Amino acid sequence: MNHIQALQVGFKNILQVFPGNLRIGPLLSLRLSARSMGSKRTISSSSKPVSAMAEDKTKGKRLKALMGTKPNHEKPVLKENGVESCSVGIVSFKDNPETIEKMTVQELITTLRRIGLPAKGRKSDLVSSLKLFVEKKINGEISQTAEELLCSISAESVSVARQAEDLDEEDQVETVSTVSEVRELNRSKRSLKQSAVEDNAVQFDLKAVTTKQKLSLKSVEVSGGKLPLKQRTISSESICAKADYKVEMPMVQTEPWTVLAHKKPQKDWVPYNPRTMRPPPLTSDTKFVKLLSWNVNGLRALLKLEGFSALELAQREDFDVLCLQETKLQDKDVENIASLVDGYQNCFWTCSSSKLGYSGTAIISRIKPLSVKYGLGIADHDSEGRIVTAEFDSFYLVCGYVPNSGDGLRRLSYRITEWDPSLSAYMKELEKSKPVILTGDLNCAHQEIDIFNPAGNKRSAGFTIEERQSFETNFLSKGFVDTFRRQHPGVVGYTYWGYRHGGRKTNKGWRLDYYLVSESIADQVHDSYIVPDVHGSDHCPIGLVLKL
């Protein structure tokens with residue numbers, strides 16, 4: 001019996017033993033590639049956690065002593081009717097509760113994982129979680145069936161997660177699927193270099209994002225079918241089980257953007273949830289225009305992405321105009337792409353001429369504009385294809401990709417002393433004839449609410465004091481309104497999550513994408529929103545509904 005078959009049998013046993021309406025999951029979404037037999041890295045079929053191999057020997061011996069683990073690395077278990085219990089060693093904490101306080105963070109994490117509890121947070125949180133579990137276990141408040149269920153899930157998920165640590169974070173693709181074999185899809189540059197990866201992949205629904213609330217395992221459906229702009233599922237199953245387990249601990253989430261993720265949140269801040277925070281759609285008798293903007297981080301790569309369809313995006317969002325940034329196209333590529341979406345025949349592209357395959361912006365519209373202009377009209381700024389302007393009846397639409405200050409802030413001076421003032425002056429000149437809308441990746445998290453870790457990024461490109469002051473001076477103080485922040489003054493909503501640290505799964509991001517509009521039309525904004533569930537780039541799209 002191979003690894004996949006064993007896991008599937010395990011879930012079937014859960015279904016037989018635990019009828020009812022308890023939900024397991026969605027667990028953490030990890031994608032592990034099944035290598036060929038000659039591969040250096042393979043997926044183990046063992047049910048034991050592999051973390052013991054990576055632990056420091058000294059800490060490992062100490063932890064084993066605390067947990068009652070034998071020196072020969074065999075995990076002691078009790079079998080009742082063929083079911084292994086994870087409770088061995090827990091009772092040993094009863095007589096020596098201070099032992100828990102003396103454990104290191106790594107020992108606490110390993111212990112909590114072994115008994116099926118989440119192991120995230122500060123040391124005090126880990127200590128409290130373990131103490132609470134021990135107390136409830138000793139008092140008989142945790143049923144054996146619940147404990148066995150959590151242990152069986154934990155053993156498999158920890159084993160998979162530990163092996164996944166060997167993969168680069170950029171190799172992990174966020175998907176929603178049942179346990180199944182699917183074609184390997186590697187979106188990062190590093191994964192493309194690993195030619196030894198074979199076609200098969202094992203996917204587990206283990207998507208972990210946390211929020212504090214009571215955990216009472218209930219039923220969850222992991223269903224197949226078509227998911228807009230996400231990896232499509234291959235089969236359709238549902239997993240149901242029942243357990244009576246209530247402990248104050250993190251709750252698994254399938255919508256990480258609804259979790260308040262911030263290092264220094266204020267008491268009145270709340271996370272952005274488009275399902276509850278967007279106003280009702282306008283009626284058919286109201287005249288309006290709907291805009292969508294997206295930094296695609298390479299359009300050719302996005303179009304090759306399995307499961308992505310520009311047509312599906314257009315059908316789902318029903319936008320009138322689509323603005324793209326960082327297309328990374330050359331002029332020859334534009335000819336091949338032609339009209340990106342049926343029904344949107346008015347397409348205007350600008351590409352970088354100074355550095356091929358870099359930057360690039362576009363406006364794609366089903367409304368024919370009155371005129372189109374490329375660049376700012378300043379040679380020093382227009383060689384990188386960063387600006388496209390379309391004139392419509394009621395406004396100018398400027399699609400912009402503001403230069404990043406770069407590693408070591410090497411372009412910071414250019415950004416704040418040349419680019420920002422020039423863009424601001426260009427917009428004010430347009431505004432003399434009609435209102436202006438600037439949209440795109442403006443590469444600045446304006447306030448602390450716009451970035452997960454403000455204190456740790458004071459000298460990071462996009463959050464320096466200089467860039468934030470320039471944003472204020474050249475745009476907001478000149479009469480342009482940040483539409484999202486006006487509509488949602490105390491809402492934490494991000495539009496960018498770096499690939500390197502897997503920030504999207506835990507909602508540790510930045511708000512870098514904006515709609516800035518002239519004050520004269522700010523009151524006509526019906527909705528300024530974020531579309532966080534659309535994948536394919538390290539940014540997500542943003543939208544604007546403007547009444548005309």
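This is a short talk about the strands around E18, two cysteines and one annotated span in a predicted model.

Hi everyone, thanks for having me. Let's begin with strand E18, which covers residues 436–441. Is E18 mostly covered or mostly open? Mostly covered: six of its six residues are buried.

Now for the neighbours of E18. Strand E17, residues 396–401, pairs with E18 in the parallel sense, over six bridges. If you'd like a spot to click on, try tyrosine 401, which stands opposite aspartate 441 of E18. And what do E17 and E18 make together with helix H14? That helix spans residues 412–430, and the three elements form a right-handed β-α-β unit.

E18 has another pairing to show you, with strand E21 at residues 513–518. Here the sense is antiparallel, and there are five bridges. One pair to look up is leucine 438 with its bridge partner in E21, leucine 516.

On to the cysteines. How many disulfides does the structure hold? Zero. Cysteine 347 has a relative accessibility of 19%, and because the cut-off for buried is under 20%, this residue counts as buried. Cysteine 351 has a relative accessible area of 14%, so it is buried by that cut-off too.

Last stop, the annotation. UniProt, in an unreviewed entry, lists residues 100–134 as "domain: SAP". In our model, that span is 71% helix and 0% strand. Its end C-alpha atoms lie 10 Å apart.

That's my tour, folks. If you open the model afterwards, I'd start at E18, with E17 paired parallel to it and E21 paired antiparallel. Happy to chat!

Note on methods: Residues numbered from 1 in each chain as written. Predicted model: local features only at pLDDT ≥ 70, side-chain atom pairs only at ≥ 80, totals over all residues. Heavy atoms only, no water. Disulfide = S-S within 2.5 Å. Buried < 20%, exposed > 50% of the residue type's maximum accessible area, 1.4 Å probe, protein only. Helix = DSSP H or I, 4+ residues; strand = E, 2+ residues; numbered from the N terminus. Pairing = 2+ DSSP bridges. Right-handed = clockwise from strand over helix to strand, strands pointing away. UniProt positions renumbered as here; feature names shortened; annotations may be inferred.
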